[in-house]
Amino acid sequence: MGIDFLHKTGKQHTKAWSDEFLRGSEDLFAPSFASIRRSFLASLLEEGALKEGDPVIVRHCNDRVLVLRDIYPLAEIEKPSLDLLETLNACCGVLSGFVEEVIDCAGAVSVRIGGEE
């Protein structure tokens, strides 16, 4: 009587994925991180190599965060912030940016991570 009673009086239930789970499964393995748009100060390794507006790549290599143009390291972010390191780790160690300002007297550049606006 117990099982028969449950089958007769219970609501019908069909197992299926809800639309919310289907939408979530499309990017299940995509990296999820907040895109940061900030500027960082980098020390020049080679004077006069970068100018304002140059597109650059910021790369986490070993224990250093380097600023590269093409494949050449031209500057280094000596004390990277935690959010920069976390974003670099989420992006396989590579971010794009551009040179926002060149500070000749200090031998440094301001590098903006994210799109040029």
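**Exercise 1. A hairpin turn**

Which residue takes a positive phi in the hairpin of S2 and S3?

*Solution.* A word on the model before we start. This is a predicted model, in which local features need pLDDT of at least 70 and side-chain atom pairs count only at pLDDT 80 or more, while totals for chains, interfaces and linings use all residues. Residues are numbered from 1 along each chain as its sequence is written, and side-chain values use heavy atoms, with hydrogens and water left out.

Step 1: find the strands. Helices (H or I, at least four residues) and strands (E, at least two) are DSSP runs, numbered from the N terminus. S2 covers 55-61 and S3 covers 64-69.

Step 2: check the pairing. Two strands pair if DSSP finds at least two bridges between them; S2 and S3 run antiparallel and are joined by five bridges. One partnership sets Arg59 against Leu66 in S3.

Step 3: look at the turn. Two residues lie between the strands, and Asn62 takes a positive phi near 55°.

**Exercise 2. The next hairpin along**

Find the residue with a positive phi in the hairpin of S3 and S4.

*Solution.* Step 1: S3 and S4 pair in the antiparallel sense, over five bridges. Step 2: Arg69 stands opposite Tyr72 in S4. Step 3: this hairpin has two residues between the strands, and Asp70 takes a positive phi near 60°.

**Exercise 3. The two sides of H3**

Work out which residues of helix H3 are buried and what they pack against.

*Solution.* Step 1: sort by accessibility. Buried means under 20% relative accessible area, exposed over 50%, and partly exposed in between (1.4 Å probe, protein chains only). In H3 (residues 82-90), the buried set includes Leu84, Thr87 and Leu88.

Step 2: look down the axis. The buried residues fall within an arc of 100°, so they line one face of the helix; the arc is that of the directions from the helix axis to the C-beta atoms. As a reminder, an α-helix has 3.6 residues a turn, so residues three or four places apart point the same way.

Step 3: turn to the face away from the buried side, which carries the exposed residues Leu82 and Asn89.

Step 4: list the packing partners. The buried residues of H3 pack against strands S1, S2, S3, S4, S5 and S6. Just after H3, Cys92 has a positive phi of about 60°.

**Exercise 4. Salt bridges**

How many salt bridges does a search of the whole structure find, and which parts of the chain do they link?

*Solution.* Step 1: apply the criterion, a side-chain nitrogen of Lys or Arg within 4 Å of a carboxyl oxygen of Asp or Glu. The search finds four.

Step 2: take Asp83 and Arg38, whose side chains meet at 2.5 Å, N to O. Asp83 is in helix H3 and Arg38 in the loop between helix H2 and S1, 45 residues apart. Asp83 is partly exposed at 24%, as is Arg38 at 37%.

Step 3: move to Asp54 and Arg69, with the closest N and O atoms 3.0 Å apart. Asp54 sits in the loop between S1 and S2, and Arg69 in strand S3, 15 residues apart. Asp54 is buried at 8%, whereas Arg69 is partly exposed at 28%.

Step 4: finish with Glu76 and Arg64, at 3.2 Å between the closest N and O atoms. This pair links strand S4 to strand S3, twelve residues apart. Glu76 is buried at 17%, while Arg64 counts as partly exposed at 38%. Lastly, salt bridges that share partners join Lys51, Asp54 and Arg69 into one network.

Definitions and conventions:
Contact means heavy atoms within 4.5 Å.
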